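Work through the exercises below with the structure open beside you. Try each task before reading its solution.

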Amino acid sequence: MGILKSFLRSFRTNRQANWINMLGLVTGLACCLLIVMWVLKEVETDRGFKNIDRIVTLQGYHEGRSPFFGVSPAVATALKQERPEVEKAARIQSAARTVKRETESYNVSVYDADYDLFDLFGLEVSEGRPFVPGEKDRCVLTLSAAKVIFGDRSPLNEVLETEVGNFIVCGVMADLPRRRTVATQGREEIIFIPMERNMEGLGSWYNNSYESYVLLKSMEGYVKFSEEVKNRAMEAAPENELYIKTGLLKERYLYGFGHIGKVYLMGWIALVILLIACINFVNLSTAGFSRSAVQTGLRKVVGASRIILIVGYLCNTFLLVLLSYLLAFALAYFLVPLFGTIIGGSFKAYDLVRPEVFWIGGIMLVVTTALAGIYPSLYLSSFQPAKVLKGKYAAGVSSARIRQGLVVLQFVVSVTLVICTLIISKQIRMYRTMDLGYNWEEVVYVSLRNQAQRDKAFVLRDELMKEAGVQAVSVSNSIPTSVFWNGVGFTWEGKDPTQNPLISMLYTDENFQRTYDIHLKEGTFFTEAEEGILVNGKLEEMIGGNVVGKYLIWGERKLKIIGVVGEFQFNDYKDAQEPLFISPILEQKPWVGCLSVKAAGGKLGETYELVRKRAKEIFGEEPVVRFLDRDVEYWVTSEHQSAQMVSFFSVLAIVISCLGLFGLATFMTDQKRKEIGIRRVNGAKVSEILWLLNMNFLKPVLISFLIACPLAYYFMSRWLESYLQRTEMSWWIFCIAGALTVVVTLTTLLWRSVKAATENPVHSLKNE
């Protein structure tokens with residue numbers, strides 16, 4: 001109770017400084033709580049599966065290339081049969097996209113899956129049972145799929161029609177964890193059907209499109225297991241030159257997909273924000289020493305030891321931080337939706353009210369108390385009572401230098417964040433406006449979901465070409481942002497026999513060039529009159545110069561090269577350009593995948609509605625129509641989110657730093673009121689007093705800028721190394737960051753210093 005009374009008395013005595021301190025602490029702690037919530041959501045991806053600690057992923061890869069998402073279908077079953085440490089093995093592959101019941105059709109995700117799937121992932125079937133070996137006409141629905149198709153009725157023993165056959169519902173399972181990298185074809189409404197319903201092709205060591213997982217009996221021999229299975233695909237099909245990469249499923253999202261970098265980034269930002277808030281506290285606590293000096297001196301005179309004084313100061317600090325923490329939690333709770341909008345995520349307020357957040361929040365409370373309270377308590381308890389009570393104790397040069405050093409540290413971090421934000425934004429703008437080698441801003445495409453739609457693709461193409469709002473229509477197996485067909489075993493005249501490159505393949509019609517505005521480096525695009533293939537610059541480089549007229553041989557196929565495309569950045573813009581050829585597509589091929597439509601006259605929205613309407617008429621069901629620019633935008637989403645996060649917290653870092661400056665300026669001007677009054681009486685101008693008051697604060701800010709520039713340059717140089725095409729770190733970026741910091745700092749200081757400089761000197765000198 002005594003500690004609480006002491007805290008309340010101290011709070012009332014130093015009300016202004018305490019509120020400024022609390023404002024910085026509340027803002028910093030609220031940011032940290034939001035970041036903790038985000039990090040926990042990232043880290044828990046895939047962790048919702050029961051056996052997550054023993055689930056191993058399987059991926060195929062070629063030497064020197066990134067691994068595929070899956071592996072050939074024979075791998076998982078072979079490892080289960082051959083490796084005693086494998087308890088279960090399961091494959092997953094997207095099977096059908098349209099499901100019908102009676103006269104209604106439903107757009108849900110359908111996956112081929114092995115019988116082991118349910119035991120491997122620990123999936124619980126809440127109604128009915130999973131399908132078992134021998135049952136090739138059964139299926140299991142997630143709860144979301146059951147509600148969409150059957151509503152509140154029980155789906156057991158009901159028949160569902162798909163393009164790959166009819167299936168009887170034998171079970172309903174809970175929805176898969178939302179944060180997952182398993183079976184992620186865009187929706188939670190999922191139906192699993194038996195993989196073994198069609199054994200043809202399941203023993204193949206080709207076609208790396210099967211998500212494959214094994215459940216190990218124990219993780220003790222995992223390293224040995226990984227080394228020994230690496231060459232298993234090479235042993236079965238050496239001509240593929242394919243290796244197997246294993247990984248832990250629980251690490252795939254963070255490390256395999258590269259999200260760990262963002263987690264580290266956010267973690268560092270949280271520490272920086274907390275550090276800046278604590279520096280404010282230390283500066284204001286030590287700057288206001290005179291208000292506590294007499295009280296400290298009296299306590300020492302009546303026998304209080306330094307330990308008791310330190311504990312007392314730390315208790316006061318803890319109560320102030322605790323109050324700030326409670327206010328910060330309330331602030332963070334209301335800011336959760338805004339935070340999700342800023343960084344591009346879906347968050348609910350209950351995501352913050354989690355035991356893990358409270359545990360980490362408790363640690364933050366202790367750490368903040370220690371960072372903010374230890375130095376001030378040691379400093380304030382060091383006063384000599386004799387000097388203090390005689391009024392001879394004044395702040396030394398060393399304490400002022402420490403405060404200036406802390407201000408420098410604050411602004412070094414803040415300016416570094418501002419520079420990094422500007423460079424990241426410049427890099428992202430460059431990629432948003434760069435020439436990919438094709439037009440993507442005026443194109444919509446139809447994703448062909450089943451064989452019935454693929455059979456009518458050319459009919460839809462011809463019908464759309466008659467519309468006035470359509471400039472060109474093309475049918476292909478892929479769109480430029482997702483060219484995933486590739487193969488090995490190619491040869492050509494003069495080829496090095498030791499080379500066996502993986503070459504991507506894009507099959508399309510003669511309208512593709514006009515639809516995407518493809519520029520040719522040399523030669524011509526194929527037509528009905530002239531057949532042949534086109535190669536990109538990378539494949540031209542491999543084959544050798546003057547490739548037009550040469551042949552690319554693949555098995556029994558002899559493909560004549562009739563042209564070379566210019567810059568054509570297919571798939572991810574961050575990937576190095578890979579060899580590619582573009583070949584004519586034949587009607588009725590089962591792998592027709594999409595239909596691309598170029599809008600005429602810039603009327604993209606109207607074209608979208610037109611394509612959706614005509615496709616629905618011809619297909620007899622709702623089509624999947626998308627804007628290609630959304631796919632291109634997806635490439636920069638991760639970097640854009642990082643830029644938004646850094647920008648958001650850069651602003652907060654500057655704000656919190658300026659709050660500290662405002663507090664120090666308020667205290668220093670209060671101390672110098674009489675000095676200012678005397679200078680005014682002696683004829684000093686307001687501008688001279690403003691210069692005197694503000695230069696002491698501007699100097700550390702300018703020093704911070706000089707230190708921050710090389711730091712930001714170093715960090716951004718490392719960050720830009722991951723990009724093939726990099727923006728320049730122009731000198732004006734650093735100048736803008738410095739000017740912005742100075743302007744914000746002056747704005748903060750002038751508000752308080754102008755008031756002090758223009759005050760009537762009579763008010764400050766009337767008691768003298």
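**Exercise 1.** Does Asp 517 count as buried, partly exposed or exposed, and what is its relative accessibility?

Solution. The model is a predicted one. Step one is to recall the limits: buried means under 20% relative accessible area, exposed means over 50%, and partly exposed lies in between. Step two is to place the residue: Asp 517 has a relative accessibility of 31%, so Asp 517 counts as partly exposed.

**Exercise 2.** Find the salt-bridge partner of Asp 517 and describe where both residues sit.

Solution. The partner is Lys 598, and the N to O distance between the two side chains is 2.7 Å. Asp 517 lies in the loop between α17 (512-516) and β18 (520-523), while Lys 598 belongs to strand β23 (residues 594-599). The two residues are 81 positions apart, and their pair links distant parts of the chain. For the last step, compare with the limit of 20%: Lys 598 has 8% relative accessibility and therefore counts as buried.

**Exercise 3.** Analyse the salt bridge between Arg 83 and Glu 228.

Solution. Begin with the distance, which is 2.4 Å from N to O. A salt bridge requires these atoms to be within 4 Å, so the pair qualifies. Next, locate the residues: Arg 83 is in the loop between α3 (74-82) and β2 (86-94), and Glu 228 is in helix α6 (residues 222-229). They are 145 residues apart, so this is a link between distant parts of the chain. Finally, look at accessibility. Arg 83 is buried at 17%, whereas Glu 228 is partly exposed at 37%.

**Exercise 4.** Decide whether Arg 180 and Glu 188 are buried or exposed, and state how far apart their closest N and O atoms are.

Solution. Arg 180 has a relative accessibility of 9% and is buried. Glu 188, at 18%, is buried as well. Their closest N and O atoms are 3.0 Å apart, and the two residues form a salt bridge. As background, side chains of opposite charge can pair when their charged atoms come close.

**Exercise 5.** Place these pairs in the context of the whole chain.

Solution. Count the salt bridges: the structure holds 32. Then count the secondary structure elements: the chain has 25 helices and 24 strands. Of its 768 residues, 51% count as buried. Now take the contacts between residues at least 6 apart in sequence: 80% of them join residues at least 24 apart. Last, the accessible surface is about 35800 Å², and carbon and sulfur atoms account for 56% of that area.

Conventions. Residues are numbered from 1 along each chain as its sequence is written. This is a predicted model: local features need pLDDT of at least 70, side-chain atom pairs count only at pLDDT 80 or more; totals for chains, interfaces and linings use all residues. Side-chain values use heavy atoms; hydrogens and water are left out. Helices (H or I, at least four residues) and strands (E, at least two) are DSSP runs, numbered from the N terminus. Buried means under 20% relative accessible area, exposed over 50%, partly exposed in between (1.4 Å probe, protein chains only). Contact means heavy atoms within 4.5 Å. Accessible areas come from the Shrake-Rupley method with a 1.4 Å probe; for residues, only the protein chains shown count as cover.
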